Amino acid sequence: MAQYTTRILFVLLSVIINETSFARICNSSGENWQSRIGLLVSPIISRSKIREIEIYWNNVNIEPGDKISLFEESSSGDQREIYTVVPNSLSGVEKTGVLAEFIPSSNLSFVKRCTRYSVRWWADKEIKDTKCLGTQPTWMKERKDILGPLKMKQIFLPGTHDSASYNENDDRASIVSDFAVTQDLDILGQLIHGVRYLDIRVGRYHETNEIWWTNHGPFYRSVSLKTVIDQVKKFLDNTEEIVIIDIREFPVGFNNISDHHALAAYLEDEFRDYYLPNNYGWGTTLNEIWSSGKRLIIGYENMRIVNSHSSMWPYVLHQWGNVQSTEQLFRYLDKIETSDRNSATRPRSAMAEMTADLTYILFNGLTSLRDMAHKVNLNVTNWYSTVWQYSANIVAVDFLRSTDIVEIAIESNENRHLHCRY
């Protein structure tokens with residue numbers, strides 16, 4: 001992060017000077033650049049380490065005697081310090097060697113909870129900050145008072161890229177899966193951990209019992225669309241959250257418009273009691289959505305289908321940099337986050353990840369999307385907690401838990417309430 005400090009300060013100054021060009025006016029002064037500590041779950045898989053916990057810190061002014069420690073809670077509730085680092089820089093990350101327990105979504109609660117791991121910035125008995133590794137299944141409804149009057153394009157929503165291309169088993173089956181798997185939580189797990197935007201790519205397979213499947217490109221088929229649907233419905237049945245599911249790309253089996261009509265009809269039938277009709281429009285406030293009793297928005301990347309099916313909404317605008325380095329990703333995200341967005345009629349998603357490119361992979365030693373995510377996700381976390389906390393709309397990431405994007409989105413929405421007007 002050190003190489004970006006000067007650039008980030010310049011961008012922040014530009015935002016303050018030119019803030020009248022934004023739909024919201026924010027008093028984005030320096031005190032909103034909070035010191036942050038947190039825990040990340042590494043996406044990297046090796047023979048000896050799976051789901052290694054990492055401690056990160058950003059803008060932390062360490063004083064003599066300060067330390068940042070990983071704590072583990074016992075079954076009796078006692079906290080035990082198991083790893084400690086004394087930072088020698090304002091920002092950084094530390095591998096702990098501690099492996100996070102995998103909890104399947106079927107064992108997760110629809111009530112916010114911490115796992116047994118937490119991080120503490122402290123000196124002697126004074127605790128300066130503490131965070132836990134946990135879930136956020138109801139964060140929107142908990143903040144209905146500040147989010148309710150706003151539209152979807154005015155809030156910070158955490159999302160995932162290629163949401164259904166997940167692998168919970170930690171196996172590396174093939175080189176195809178190395179560059180196709182983007183998540184290590186299933187859909188329900190992502191939603192319980194706080195995601196509210198799902199990027200779903202659908203293929204049609206006539207030769208299988210299940211016709212509709214999720215894909216990452218034409219060569220990787222992941223889970224059935226029915227699996228995704230059932231998990232989304234389970235989440236909506238057990239919370240009062242609002243979810244956007246974007247149906248797009250269609251890499252296999254869509255040969256004519258009738259295939260799209262068939263998929264739209266299938267989605268309508270499956271989500272009949274859940275979806276909000278598109279005549280509400282993207283200008284609808286969250287309070288109006290809650291009042292409707294329907295809390296699922298289905299975006300569809302084909303306007304002929306949107307115009308002929310009241311269940312399908314104009315899809316979220318993907319802002320995709322198609323970049324192969326951290327520096328390129330920063331420049332692209334900087335460009336989209338500092339542009340004038342007053343004219344936007346629908347939400348937009350910053351796709352905050354690198355794209356696999358054979359030349360870059362060969363010459364930079366990156367062997368999977370996991371490597372690429374590990375290279376950029378801490379940077380994405382730090383960028384969106386500082387310079388772009390007021391501009392972000394949807395931010396879609398690979399390997400959700402190797403970012404802190406959910407907590408950042410929650411805190412940024414709270415900061416906007418305190419420091420911005422629309």
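**View 1. The link of C114 and C132 is left-handed, with -70° about the S-S bond.** This close-up comes from a predicted model. The disulfide joins C114 to C132, with an S to S distance of 2.0 Å. A search of the whole structure finds 1 disulfide. C114 lies in strand β7 (residues 114-123), and C132 lies in strand β8 (residues 126-134), so the pair ties together parts that are 18 residues apart in sequence.

**View 2. C114 and C132 are both partly exposed.** For C114, the relative accessibility is 41%. For C132, the relative accessible area is 32%. Both values fall between the cut-offs of 20% for buried and 50% for exposed, so each cysteine counts as partly exposed.

**View 3. The largest pocket has a volume of about 550 Å³.** Its lining is made of 30 residues. Closest to the pocket centre are C132, L133, G134, T135 and H193. One of these, C132, is also a partner in the disulfide with C114.

**View 4. Four elements, β2 (36-41), β7, β8 and α13 (405-419), each give two or more residues to the lining of the largest pocket.** Strands β7 and β8 also hold the two disulfide cysteines, C114 in β7 and C132 in β8. Both domains take part in the lining: domain 1 (36-134) and domain 2 (141-421) each supply at least three residues.

**View 5. The lining of the largest pocket is mixed in character, with nonpolar, polar and charged residues.** The nonpolar residues number 15. Another 7 are polar, and 8 are charged.

Methods. Residues numbered from 1 in each chain as written. Predicted model: local features only at pLDDT ≥ 70, side-chain atom pairs only at ≥ 80, totals over all residues. Heavy atoms only, no water. Disulfide = S-S within 2.5 Å. Buried < 20%, exposed > 50% of the residue type's maximum accessible area, 1.4 Å probe, protein only. 1 Å grid on protein atoms, 1.4 Å probe; cavity = no way out; pocket = protein on both sides within 12 Å on 5 of 7 lines; lining within 4 Å. Points joined across faces, edges and corners; volume = space filled by probe spheres on them. Nonpolar A, V, L, I, M, F, W, Y, C, P; charged D, E, K, R; others polar. Domains from an automatic or database assignment.
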